Amino acid sequence: MDSTVSASKGCFVFKKQNSEKNKKRKSKGKKQLKSNELKTELWHSTFIDIWTDVKSKLDDLNESIYSKFISESVDFMTTTNNTASHKNIPTACLLTGVNLPDHESLFGLLASSLEKSKPPVAVAILFSEHFTSVKSAVVNMVSQLINSKDDYSDSDEEIDESLNQKSFIKRSECSISTLIDWYNDQPIGTRVAILVKDFEMCQQTVLQNFILLLSCYIDMIPFVLAIGIATSISNLHNALPHHVVTKLKVKMFVSEASVVFLNNIMDKVFLKPDCSFYLGGRILEYVTEVFLYYNFSIKQFVESLKFCLMEHLYLKPLNCICVAHESAQGDLFDSLDEETLKELTKLRSTNYKLKLDYNLKETFLKLIKELKTCIEDFNIGLRILQILVADLPNSPLGTQLREMYSIGMKKHIIDDPSFKTCLQLLKFLSKGDLLTKFDKICHILKNSKKNKRAKYALKLVQSYAISIEEAQLSNVIVEAKTQVDLKPLENLKVVSRSQFKKKLIDNVKHEDIRPMTEFEKARSKTLDDLTDVILRQFLTPPTTMPLHELLIFDDLPSIKRKIIGEDRAAQYTAFVNPQHYIDCDCCELEYTEQILKTMPDICIVYKLHLESRFDQINIYDWLQKFISVVGSDQNELDNDNDVDPALQARFIRAINELQHLGYIRKSKYKADHMQRLTCGSY
């Protein structure tokens, strides 16, 4: 590859020449587009409809969760006194947690709320990269305030465009004096809000001097600060000395934890009966694990679910038909070709019993309707189960709906050992607690008016509540003992230890049972009936139903590597076979170990370093191998010490890039050696 010899230049697109192979591929692609035109339009329109609905719900939910946090912060920053008699800078410390990828959207929402507030507020957002020096922070602050598109001086429609161009201030002219002149032209009562997004990553000495500088001009410009803190408020006092903290009037505002956002998103958006996108248990477990153990980012979590939806619908007309409304399913089914219909006969969930006959359409629509009914019942059963077991000690089934959903999607949750533990704990509940749970269950069943099974279950739960309420706590019920109960205890004289243990267990079984009260008996019978009659039917896993693959996305291998990229594997592929990414003919390999002089320098250096059998690599020997591959003319020189400076520079640059990527480092023992940090391929 002649045009690129370094990874630092590897961010460009390389197009192959118009060869015959490319022409064949292009022509073949055009034919596929024509044949898949219907599939493309169907999946794309379905994806847009579903995600638009989900996105609107997410926006409403985020706004409702953030509303209190944002409104309190805005009220503090717009109403706190910062006049000449109060020279402390009002500072809102926003404890936003460690969900760093979501901070940008949070501060954007805060900035827009401040700009819409009735007391005029001019906003500037500063990041950690702006605090390389005090001058850099001041220049960025003044530039954002004066050159803002929403400048109050530009609100007049009659201002000429030439005047707007003159009002633009160059960065070299941005200073505090310029800001004072600009502020004198603003409406009375205007405040200047400075939002510092990532406090922990800022250079503390620069931030200290910046705060002291603002405090010097608080008499002329009413500054207010908002500092985003990811850890705890103690870090603010540890990072800033006393004489700086005394210049601030600090008030703390705590945002909801990321896990709260996660639970609300799953409970109120994706696990609702009206949602058209259904997740499998393995997929939900995986994306939740990525959220909890990688980034705590709600934004990336939602993007992962968006990608799952795209993967589920992409060029799959059968999946799109399942999601569509009942009135449109028949017409869409008629538009399918025979190859697509053959996919129905290959589904494992139907045991390959579907056949291409005149009853296929009727059978397909009937099975989809039954599957959707099962999913609706499953969601109702999960919410009933959550009421019963969420507050139990040690939470055997978890406390959140998403945890029970993941278990219930993989197997029948009633048969899980954890549920049996929950049932034993439920049989120790008091009368008041049990009646409270039954009231909440009745409320859920009443809200499911369109579900026929819910109406029947509501009558049963109401009868259970009546029997519990009428049961007396003091009345003891003594049952007549059967012949089995009257069986005499066995003699404990035994020979071996195992026989002794067995006889002890048998004797315990035949001991007198503690007499139960009327309430205890009613409680035990009610919970058993609730489990067998209601929960067992409602919590039938939808993944046991026919055609569930078309409606429930649970293809974990297809999205696992795409959601969490394997960086080392991608880098190894790029180094060993650069043609895989840059798609050039000059780097095409006959076998994996081959090294071509046209490959990027870093690829050649990496492959040569793999040939070393030791951790310590001699730089001079490495250079000679590199020259033998790249510089064909260099071998003809009589003196081996005469190295082409251009080749030497290319070699050093490639080594520095490998060191930057973490494959090698300088040796601690030998000055002319590099230490290898990786073993094998990756």
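This briefing describes selected salt bridges, a small set of paired strands, and the packing of several helices and one loop residue. The structure is a predicted model. Across the whole structure, a search finds 14 salt bridges. Among the other elements covered here are an open sheet of 3 strands and helix 6, which spans residues 176–184.

**Salt bridges within one helix**

- In helix 2, which covers residues 37–79, D59 and K55 are 4 residues apart, or about one turn of the helix.
- The side chains of D59 and K55 form a salt bridge, with an N to O distance of 3.0 Å.
- D59 is partly exposed, at a relative accessible area of 36%, and K55 is likewise partly exposed, at 38%.
- Helix 22 holds a second pair of this kind, K525 and D529, which are 4 residues apart, about one turn of the helix.
- A salt bridge joins the side chains of K525 and D529, at 3.0 Å from N to O.
- K525 is exposed, with a relative accessible area of 54%, whereas D529 is partly exposed, with a value of 23%.
- An α-helix has 3.6 residues a turn, so residues three or four places apart point the same way.

**A salt bridge between separate parts of the chain**

- The side chains of D528 and K427 also meet in a salt bridge, with 3.2 Å from N to O.
- D528 belongs to helix 22 (residues 518–538), while K427 sits in the loop between helix 18 (417–426) and helix 19 (431–447), so this pair ties together parts that are 101 residues apart in sequence.
- D528 is partly exposed, with a relative accessible area of 26%, and K427 is partly exposed with a relative accessible area of 26%.

**A salt-bridge network**

- Three residues, D53, K57 and D274, are linked in a network of salt bridges.

**The open sheet and helix 28**

- The 3 strands of this open sheet follow the order 10-12-11, and their pairing is antiparallel.
- Strand 10 (616–618) and strand 11 (664–666) are the edge strands, each of which pairs on one side only.
- From one strand to the next, the twist averages 35°.
- Strand 10 and strand 12 (residues 673–676) run antiparallel and are joined by 3 bridges.
- Opposite I617 stands M674, a residue of strand 12.
- Helix 28, made up of residues 619–630, lies across strand 10, strand 11 and strand 12, and runs at about 60° to strand 10.

**The buried residues of helix 6**

- I176, T178, L179, I180, W182 and Y183 are the buried residues of helix 6.
- These buried residues pack against three strands, namely strand 2 (121–126), strand 3 (191–196) and strand 4 (223–229), and against two helices, helix 4 (134–146) and helix 7 (204–216).

**The surroundings of T543**

- T543 is located in the loop between helix 22 and helix 23 (548–551).
- A polar atom of the T543 side chain lies 2.7 Å from the backbone oxygen of M409.
- Leaving aside residues up to four places away in sequence, T543 touches M409, H548 and I552.
- M409 is therefore both a residue that T543 touches and the one whose backbone oxygen lies 2.7 Å from a polar atom of the T543 side chain.

Terms used:
Residues numbered from 1 in each chain as written. Predicted model: local features only at pLDDT ≥ 70, side-chain atom pairs only at ≥ 80, totals over all residues. Heavy atoms only, no water. Salt bridge = Lys/Arg side-chain N within 4 Å of Asp/Glu carboxyl O. Buried < 20%, exposed > 50% of the residue type's maximum accessible area, 1.4 Å probe, protein only. Pairing = 2+ DSSP bridges. Axes fitted to C-alpha atoms, helices over the stretch in contact; angles between N-to-C directions. Contact = heavy atoms within 4.5 Å. Polar contact = N/O pair within 3.5 Å; in protein donor to acceptor, adjacent residues only side chain to side chain.
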